[in-house]
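I opened the notebook to go through one chain, residue by residue where needed. The entries below follow the order in which I looked things up.

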Amino acid sequence: AVLNPSAVSYERRFRFKNYLSQAGGYTDNARRKKAYVVYPNGRKARTSVLFFARRYPKVEPGSTIVVPFKPLD
């Protein structure tokens with residue numbers, strides 16, 4: 001659920017939000033709180049919320065960021 005789903009080269013200085021920006025950002029029907037990273041070894045880490053602050057998972061080389069869509073009513 002990003003505006004321009006694409007492959008982006010790994011940049012050591014980039015964080016989760018930088019990669020989302022490279023993909024055009026969230027769409028209107030994105031489930032932002034449910035975004036997660038799939039690591040090359042198959043492990044997954046999702047975005048968490050702690051005291052109103054979002055904590056985004058670390059992105060490693062070969063990772064895939066997944067932003068699911070909101071379910072249709």
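Which residues is E60 in contact with, leaving aside its neighbours within four places in sequence? I looked this up first and found Y10, Y39 and R43. I note here that the model is predicted.

**Entry 1: E60 and R43**

I placed E60 in the loop between β4 and β5. At 29% relative accessibility, E60 counts as partly exposed, since the partly exposed class runs between 20% and 50%. I then checked R43, which is also in the partly exposed class, at 44% relative accessibility.

The contact between E60 and R43 turned out to be a salt bridge, with the closest N and O atoms 4.0 Å apart. R43 lies in the loop between β1 (36–38) and β2 (44–46), while E60 lies in the loop that leads to β5 (64–66), so the pair ties together parts that are 17 residues apart in sequence. In general, side chains of opposite charge can pair when their charged atoms come close. I counted salt bridges by the rule used here and the total came to one.

I also took the distance from E60 to V38. These two are 22 residues apart in sequence, and their C-alpha atoms are 9.4 Å apart in space.

**Entry 2: K58**

I stayed in the loop between β4 and β5, where K58 is placed too. Is K58 buried or exposed? K58 has 61% relative accessibility and counts as exposed, because the exposed class starts over 50%.

Leaving aside neighbours within four places in sequence, I found K58 in contact with V37 and Y39. Y39 is also on the contact list of E60. From K58 to R46 I read 9.5 Å, C-alpha to C-alpha, for two residues that are twelve apart in sequence.

**Entry 3: the chain as a whole**

I stepped back to the secondary structure and found one helix and five strands. From the N terminus the order is α-β-β-β-β-β. The radius of gyration is 12 Å, close to the 11 Å that the globule rule gives for 73 residues, so the chain is as compact as a globular protein of that length.

Along the principal axes, the C-alpha atoms fill a box of roughly 35 × 30 × 20 Å. I noted that buried residues make up 26% of the 73 residues. Of the contacts between residues at least 6 apart in sequence, 50% join residues at least 24 apart. The chain exposes about 5,700 Å², and carbon and sulfur atoms supply 50% of that area.

**Entry 4: the core**

Which members of the largest nonpolar core touch the most other members? I found F16, L20, Y26 and V67, out of 14 residues in that core. Helix α1 (residues 16–22) gives the core its largest share, three residues.

I looked at Y26 on its own. Beyond its neighbours within four places in sequence, Y26 is in contact with A1, V2, L3, F16, L20, R32, Y56 and V67.

I then took T27, which lies in the loop between α1 and β1. T27 has 15% relative accessibility and therefore counts as buried, the limit being under 20%. With neighbours within four places set aside, T27 is in contact with A1, V2, L3 and F69. A1, V2 and L3 were already written down as contacts of Y26.

**Entry 5: the surface patch**

Which residues form a nonpolar patch on the surface? I found L50, F51 and F52, which together have about 500 Å² of accessible area.

F52 lies in the loop between β3 (48–50) and β4 (53–55), and F51 is found in that loop as well. I read a relative accessible area of 74% for F51, which is exposed. For F52 the value is 87%, and F52 is exposed.

I checked the backbone at both places. F51 has a positive phi of about 50° although F51 is not a glycine. F52 has a phi near 70°, again a positive value in a residue other than glycine.

How values were computed:
Residues numbered from 1 in each chain as written. Predicted model: local features only at pLDDT ≥ 70, side-chain atom pairs only at ≥ 80, totals over all residues. Heavy atoms only, no water. Core = buried A, V, L, I, M, F, W, Y, C linked by side-chain atoms within 4.5 Å. Buried < 20%, exposed > 50% of the residue type's maximum accessible area, 1.4 Å probe, protein only. Helix = DSSP H or I, 4+ residues; strand = E, 2+ residues; numbered from the N terminus. Contact = heavy atoms within 4.5 Å. Patch = residues over 30% accessible without salt bridge, like charges linked within 9 Å, V, L, I, M, F, W, Y side chains within 5 Å. Areas by Shrake-Rupley, 256 points an atom, 1.4 Å probe, with all protein chains shown as cover. Salt bridge = Lys/Arg side-chain N within 4 Å of Asp/Glu carboxyl O. Rg over C-alpha atoms; globule rule 2.2 N^0.38 Å.
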